[in-house]
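Here is a walk through one protein model, from the overall build down to single side chains. Have the structure open and follow along.

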Amino acid sequence: MSSKNTLLPSNMYQVKPVCGGDFTVDLPDCMYKLANIHARSGNSCTHEHALQNGEVDPAVKALEARQDEIMRKLSELKAAVEGLAKTVTTPDADLDLTIGGDHSPSQGCAFHGTADLDTLLGKDLGALRDIVINANPAKPPLTLLVLHKLLCQRYRALSTVHVHSSVSNVPEQLLSCLGPRHPDSYARQLFQLGFTLIWKDVPKLEMKFSVRNMCPVEGEANVARFLFKLLSPYPSDAASATLVDNWVDAAFFQLAEGGAKERAVVLRSLNSTLGRQPWLSGHDVSLADVACYCCLLLAGAAPSAPTNVQRWVRSCENLGYFSPAKVLLQ
C-alpha cells in the first residue's frame, strides 16, 4: 500500500482585508482634555474664570463673601439653639409635679457688686441661664432660699419648683418655698436667671449650672458660695476671705451636723465675735451671716443662744430677706 503526502491549509477560513494599506493612528496625550481656566483670549474673560495675574475674579470674591456670611449666621444660630435647648430642658427628665414661682427685681439689695452675668458666668446666647438644684426634702437648704430672695432682688429671676418621682408627700411649704408663679413665666426670654429647685431623693445637695461645660457642684456650702458670688464678690484680701469661709464651714459642719459640744464651741465663738462687731465679717452682711443664721435655726439653737447671738439673730430677721428660712421651719 503506497502513502501519499497531503497538503493541509494553514487556516480553515481566509478573509480578505477590510482596509488596505498601512495607516497611523494618532493617540491622545491625556484621557480628558479641559480648557485652561487661567488662559485669556484677547481681552475677553468670563466671570467663571480667575485672572492670569493672580487676582481673583470679582464674582468669585462675591461668592466667598456670601459663603462667609452664611457660615457666620449659622454659627450664631447654632449657639442660640444650644442656649435655648439648655433652658427648656432640665438635667432630670422624669419630673412629675411642677409648681412655679418667681419674684420680680426690686430695690434695696444689701449686697452691692457687679451684676453683669456675662462677666461672672461668661457670654451666653441662650434665653437665660438656668441654675438647677436637686435637694432632699428631708433636709431643706435654708441658705439657698435666703440667697434666692437676694438673687430676685438683683436679677430678673424665673423660679420654679419641681418634684421628682423618687420622693412623695412633699409638704406644701416646700412646694411654694420660691413664691407664686410669675404671670410671664411662659416667656423665658424676659428673664436673666433661672432658678429651678427639684425636690429629689439625693444623699447630698447638688447644683447643675452648665450641663455641657461643668460637673455638678455638691454640698450646700459649695452651692451657697457659688450663688453668693452672683450677688457680691468675695473680700479681696485673703484674710477676710478665709474668715468668711471659716464661718461657713463652722456653720455647716459644726452647727448643723456637729454634736452638742461642737455646737457650744461655735456659739461661744459667735457670741465673742458679735460682741465686737455687728456682723461676722465686719460692718457688712456676708455669706458667713447667712450660713450661720440658717444653720442656727436648723439646729434649733437660736432660743438658747447667748445674748449677742440673739441680738444678731434679730438684726438678721429685720433685714427681711432672711424670712424664707424662718417661715419654712414654722
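## Overall build

Of the 330 residues in the protein, 38% are buried. Keep in mind that this is a predicted model. The chain is built from ten helices and six strands. As for how it is tied together, take the contacts with a separation of 6 or more: 78% of them are between residues 24 or more positions apart.

Helix H5 (220–228) is a good place to see burial at work. Seven of its nine residues are buried, so H5 is largely enclosed by the rest of the structure. The buried set is Glu 220, Ala 221, Val 223, Ala 224, Arg 225, Leu 227 and Phe 228. Note that Glu 220 and Arg 225 are on that list, and both residue types count as charged.

## The largest pocket

The largest pocket comes out at about 390 Å³. Its lining has 22 residues, and those nearest the centre are Lys 139, Lys 204, Gly 219, Glu 220 and Glu 257. Four helices each give two or more residues to this lining: H3 (142–154), H5 (220–228), H6 (238–256) and H8 (287–299). Glu 220 therefore turns up twice in this tour, as one of the buried residues of H5 and as one of the residues nearest the pocket centre.

What is the chemical make-up of the lining of the largest pocket? It splits into 13 nonpolar, four polar and five charged residues. If you go by the residues nearest the centre, though, you meet Lys 139, Lys 204, Glu 220 and Glu 257, and Lys and Glu both count as charged.

## A small cavity

There is one cavity of 30 Å³ or more, and the largest cavity has a volume of about 30 Å³. Its lining is made of Asp 130, Leu 158, Thr 160, Arg 188, Gly 194, Phe 195 and Thr 196. The elements that give two or more residues here are E3 and strand E4 (193–199).

Which element gives the largest share of the lining of the largest cavity? That is E4, with three residues. By type, the lining divides into two nonpolar, three polar and two charged residues.

## Strand E3 and the loop after it

Strand E3 covers residues 157–164, and Ser 159 sits in it. Ser 159 is buried, with a relative accessible area of 1%. Which side chain does the Ser 159 side chain make a polar contact with? The partner is the side chain of His 148, at 2.6 Å.

His 164 is also found in E3, and it counts as buried at 8% relative accessibility. Its side chain makes a polar contact with that of Ser 166, at 3.0 Å. Further along, in the loop between E3 and helix H4 (172–175), comes Asn 169. Is Asn 169 buried or exposed? Asn 169 is exposed, with a relative accessible area of 76%. Its backbone is worth a look too: phi of Asn 169 is near 55°, a positive value in a residue other than glycine. For context, most residues other than glycine have a negative phi.

## Aromatic pairs around Tyr 293

The structure holds three aromatic pairs. In one of them, Tyr 293 and Trp 312 meet edge-to-face, at 6.5 Å centre to centre and with 75° between the planes. This pair links distant parts of the chain: Tyr 293 belongs to helix H8 and Trp 312 to helix H9 (residues 307–319), 19 residues apart. Both rings belong to buried residues, Tyr 293 at 0% relative accessible area and Trp 312 at 2%.

Tyr 293 also pairs with Phe 322. Their ring centres are 4.9 Å apart and their planes are at 70°, so this pair is edge-to-face as well. Again distant parts of the chain are linked, with Tyr 293 in helix H8 and Phe 322 in the loop between H9 and helix H10 (323–329), 29 residues apart. Phe 322 is buried, as is Tyr 293. Put together with Tyr 321, these residues make one aromatic cluster: Tyr 293, Trp 312, Tyr 321 and Phe 322.

Terms used. Residues are numbered from 1 along each chain as its sequence is written. This is a predicted model: local features need pLDDT of at least 70, side-chain atom pairs count only at pLDDT 80 or more; totals for chains, interfaces and linings use all residues. Side-chain values use heavy atoms; hydrogens and water are left out. Buried means under 20% relative accessible area, exposed over 50%, partly exposed in between (1.4 Å probe, protein chains only). A polar contact is a pair of N or O atoms within 3.5 Å; within protein, one must be able to donate a hydrogen and the other to accept it, and residues adjacent in sequence count only if both atoms are side-chain atoms. On a 1 Å grid over the protein atoms alone, a cavity is a set of points where a 1.4 Å probe fits but cannot get out, and a pocket is an open set with protein on both sides within 12 Å along at least five of seven lines; lining residues have an atom within 4 Å of a point. Grid points are joined across faces, edges and corners, and a volume is the space filled by probe spheres set on the points. Rings of Phe, Tyr and Trp (its six-membered ring) pair if their centres lie within 6.5 Å; planes under 30 degrees apart count as stacked, over 60 as edge-to-face and the rest as tilted. Contact means heavy atoms within 4.5 Å.
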